[in-house]
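Colleague: Got a minute? I'd like to go through this one with you.
Modeller: Sure, let's put it up and take it bit by bit.
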Amino acid sequence: GREDSNFKPEGSTEIRQAAAAFNLMRERIQRTITQRTEMLASISHDLRTPLTRMKLQLAMIENSAEIGDLRSDVEEMENMVEEYLAFARGEVAEKVQNINLSRILQGVINRIQSTSVSINLNTKQIHYVPLKPNSFKRAITNIINNASNYGNQIDIIVRKLPGSIIIQIDDNGPGIPLKDREDVFKPFYRLDVARNPDTGGSGLGLTIARDVARAHGGDIFIEDSPNGGARINMRLPL
Ligand SMILES: Nc1ncnc2c1ncn2[C@@H]1O[C@H](COP(=O)(O)OP(=O)(O)OP(=O)(O)O)[C@@H](O)[C@H]1O
Ligand SMILES: [Mg+2]
């Protein structure tokens, strides 16, 4: 696009200074993005080798229910790594497909193997939504993992609006204070770590989830849940 053409320093001194400062800032942002992308690429690349090894080792173990789960986890990790690599290479990795929303949500829920949390999916109707299935699953998994880190009762409600679908994920945890509702989407941002020392995350879950929603032309916003905790809303266009 137009990103490459610098603003020409024309006009009064102030305007010229502002233009120069703007160009400098843009260069700095560009450099940061490049560094992040390179890091993502090299981490993904390094993870591929041990993952392949794990897959080979698993193939030599006799079948059982646990091995089956492990195998599909390793497979999922491989897919993720492939996607990160594709993303870092600037490829649009996934094709949009018309997906049965309740079915894909149920699939994500089934894979969450926490016994200490009860998840209730409430969809009255069948909706087919244009989705990139793997990125969508990752985004929803991140949100549900958060909800189960902070609460033990999760209610997922799907609502149809004109032209869009809202997926609401309610929990009964401590909630997210109004003043933090933008910051939690920033990379590496975590609220009051003392509040939940045992949920040692990296602060990327919501950043990725919002990225995915926006890549679909939607967004994520936070409200209070009627159960006392947080309500995370993912809006997707139809
Ligand atoms: N459902 C929730 N209830 C309360 N606080 C939440 C909830 N979801 C997110 N947060 C707060 O927002 C912060 C950022 O969430 P995010 O998912 O981006 O990172 P994380 O869970 O800390 O780490 P990661 O997801 O990368 O493992 C969390 O550390 C937590 O403080
Ligand atoms: Mg998280």
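Colleague: Okay, which side chain has an N or O atom 2.8 Å from a nitrogen atom of ligand 1?
Modeller: That's Asp-171. Keep in mind that this is a predicted model.
Colleague: And which residues put a backbone N or O atom by an oxygen atom of ligand 1?
Modeller: Leu-204 does, at 2.8 Å, and Gly-205 does too, at 3.2 Å.
Colleague: How much of ligand 1 does the protein bury?
Modeller: 91% of the 590 Å² that ligand 1 exposes when taken alone.
Colleague: Which elements give two or more residues to the shell around ligand 1?
Modeller: Two helices do: α4, residues 133-150, and α5, residues 205-215. The most comes from α4, with 3 residues.
Colleague: What's the shell made of, nonpolar, polar or charged residues?
Modeller: A mix: 9 are nonpolar, 6 polar and 3 charged.
Colleague: Switching to the sheet. What's the strand order?
Modeller: β2-β4-β5-β7-β6, an open sheet of 5 strands with mixed pairing.
Colleague: Why do β2 and β6 each have one side without a neighbour in the sheet?
Modeller: They stand at the edges, so each has a single partner strand.
Colleague: How do β2 and β4 pair, parallel or antiparallel?
Modeller: Parallel, over 5 bridges. Leu-121, for instance, stands opposite Ile-156 in β4.
Colleague: Which strands does helix α3 touch?
Modeller: β2, β4 and β5, and the direction of α3 makes about 175 degrees with that of β2.
Colleague: And where does α5 lie?
Modeller: Across β6 and β7, at about 125 degrees to β6.

Conventions
Residues are numbered from 1 along each chain as its sequence is written. Chains are lettered from A and ligands numbered from 1 in the order in which they are written. This is a predicted model: local features need pLDDT of at least 70, side-chain atom pairs count only at pLDDT 80 or more; totals for chains, interfaces and linings use all residues. Side-chain values use heavy atoms; hydrogens and water are left out. A polar contact is a pair of N or O atoms within 3.5 Å; within protein, one must be able to donate a hydrogen and the other to accept it, and residues adjacent in sequence count only if both atoms are side-chain atoms. Accessible areas come from the Shrake-Rupley method with a 1.4 Å probe; for residues, only the protein chains shown count as cover. Helices (H or I, at least four residues) and strands (E, at least two) are DSSP runs, numbered from the N terminus. Ala, Val, Leu, Ile, Met, Phe, Trp, Tyr, Cys and Pro count as nonpolar, Asp, Glu, Lys and Arg as charged, and the others, Gly among them, as polar. Two strands pair if DSSP finds at least two bridges between them. Contact means heavy atoms within 4.5 Å. Axes are lines fitted to C-alpha atoms, for helices over the stretch in contact, and angles run from 0 to 180 degrees between N-to-C directions.
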